[in-house]
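Got the viewer open? Let's take a walk through this one, a selection at a time.

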Amino acid sequence: MPFVNIRITREGATAEQKKQLIEGATQLLVDVLGKNPATTFVIIDEVETDNWGIGGQNVTELRAAAKNSSTLV
């Protein structure tokens, strides 16, 4: 019983995109490991950018800094 957990930032992934992620992850397990798709679980967790950190900063701050630096150029 495979379990796949996909975590993405909550920034507007559409229902169709999520459907494609679920189908694609399931098919990958079928193709590579021969797993039964009927017993394959795929969970998508959407995380607020304030709750996702990289290099000591949250993604909200990193994106704001990147946006501000690109407007100065």
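Here is a short tour, going from the whole chain to one annotated stretch.

Keep in mind that this is a predicted model.

**Stop 1: the whole chain as cartoon.** Color by secondary structure and you should find two helices and four strands in the protein chain. Trace from the N terminus and the order reads β-α-β-β-β-α. The radius of gyration comes out at 17 Å, well over the 11 Å that the globule rule gives for 73 residues, so the protein chain is more spread out than a compact globule.

**Stop 2: the C-alpha trace.** Switch to a trace and line the view up with the principal axes: the protein chain spans about 50 × 25 × 20 Å along them.

**Stop 3: contacts.** Now pull up the contacts between residues at least 6 apart in sequence; 63% of these join residues at least 24 apart.

**Stop 4: the surface.** Turn on the accessible surface. How much area does the protein chain expose? About 5400 Å², with carbon and sulfur atoms supplying 57% of it. As for burial, 18% of the 73 residues count as buried.

**Stop 5: the charges.** Select Lys and Arg, then Asp and Glu. That gives you 7 positive and 9 negative charges, and the mean positions of the two sets are 1 Å apart.

**Stop 6: residues 2-60.** Last selection: UniProt, in an unreviewed entry, places the feature "domain: 4-oxalocrotonate tautomerase-like" here, at residues 2-60. Put a distance between the end C-alpha atoms of residues 2-60 and you get 33 Å. Within that span, 36% is helix and 31% is strand.

Technical notes: Residues numbered from 1 in each chain as written. Predicted model: local features only at pLDDT ≥ 70, side-chain atom pairs only at ≥ 80, totals over all residues. Heavy atoms only, no water. Rg over C-alpha atoms; globule rule 2.2 N^0.38 Å. Buried < 20%, exposed > 50% of the residue type's maximum accessible area, 1.4 Å probe, protein only. Contact = heavy atoms within 4.5 Å. Areas by Shrake-Rupley, 256 points an atom, 1.4 Å probe, with all protein chains shown as cover. Charge placed at Lys NZ, Arg CZ, Asp CG, Glu CD. UniProt positions renumbered as here; feature names shortened; annotations may be inferred.
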